[in-house]
Amino acid sequence: MQGKVALVSGGAEGIGGATGRRIVEEGGSVVLADVQFDKAKALASELGERAMAVSLDVRDLQQWQAAVQAAQATFGKLTHLVNVAGISEPGAVVDVDLDSWQRTIDINLNGTFNGCRAAIPAIAAANEPGAIVNIGSMLALRVGSGFAAYCASKAAVTALTKTIALDCAEKGLPIRANTVHPGAIRTPMFERYLDALPGTNEEVEAMFAANHPMGRVGEAHEVVNAILFLLSDQASFTTGVDFTVDGGGNFRS
């Protein structure tokens, strides 16, 4: 990531925060964008002069455009985008709360679309190899009955990413686009499920672990390893792929 500039949505904590940290450690600069601005600002301060924070509601295209402009104004360019911001709320089609359905689609799918729409022209303007990584989910590839909005939104992100990969390639833009699909990962989102579902934390975690043939929950750094590879020039001939980090969960029997 030496000399690269990345914009990371959901950059205050979890996978997004860990991604921002690794980008700086690998020599890049990062814009941590999040509705949790105070958390993002605290992390940026910890990471030093090659990190900054911006307030971002991913549902608002104008806020995305402002975040892209902030990256260009502070670091001189934008070369990479990582769309991490997302939510997961349960509900089957016949009983999901309609506000929850709309909120999930707006954040997970429309938020990713907005980020790509705002960032692609800026990445192209940098006139150097760039990359986009969007976060999907194991449940985009092997759906769960009780998560209609989440599964639908993440499956749509997968298709959206492939269209971006093809569009950039056909236009001769040096921008790759790939999707990383995590399984259950130990993040603040996962911790909220531990507290919300019936049973002890150990029992709930065991339930999640059982969905992965490797028999455990993943760690944020394991997802970040995949993200950093796809952002890097080591993946220079890789675009439009679904990269799973789920302990085999997407094809469990």
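A polar contact here is a pair of N or O atoms within 3.5 Å; within protein, one must be able to donate a hydrogen and the other to accept it, and residues adjacent in sequence count only if both atoms are side-chain atoms. The model is predicted, so I note that local features need pLDDT of at least 70 and side-chain atom pairs pLDDT 80 or more, while totals for chains, interfaces and linings use all residues. Residues are numbered from 1 along each chain as its sequence is written, and side-chain values use heavy atoms, without hydrogens and water.

**Entry 1: helix α4**

I took helices (H or I, at least four residues) and strands (E, at least two) as DSSP runs numbered from the N terminus. At the N-terminal end of α4, Asp97 acts as the cap, with a side-chain oxygen 3.0 Å from the backbone nitrogen of Asp99. Helix α4 covers residues 98-125, 28 in number, and spans 40 Å between its first and last C-alpha, close to the expected 40 Å. The expected span is 1.5 Å times one less than the number of residues. I found a kink of about 35° centred on Asn110; the bend is the angle between axes fitted to the seven residues ending at a residue and the seven starting there. Just after α4, Asn127 has a positive phi of about 60°.

**Entry 2: largest pocket**

I looked up pockets on a 1 Å grid over the protein atoms alone: a pocket is an open set of points where a 1.4 Å probe fits, with protein on both sides within 12 Å along at least five of seven lines, and lining residues have an atom within 4 Å of a point. The largest pocket has a volume of about 1200 Å³, counted as the space filled by probe spheres set on the points, with grid points joined across faces, edges and corners. It is lined by 47 residues, and Gly86, Ile87, Ser88, Tyr150 and Met189 are the closest to its centre. Helix α7 gives the most to this lining, 5 residues.

**Entry 3: second largest pocket**

I read about 160 Å³ for the second largest pocket. Of its 14 lining residues, Gly218, Glu222, Val245, Asp246 and Gly247 are the closest to the centre. Strands β8 (218-219) and β9 (242-245) each supply at least two lining residues. This pocket lies between domain 1 (5-183 + 222-245) and domain 2 (187-217), because both give residues to its lining; the bounds come from an automatic or database domain assignment.
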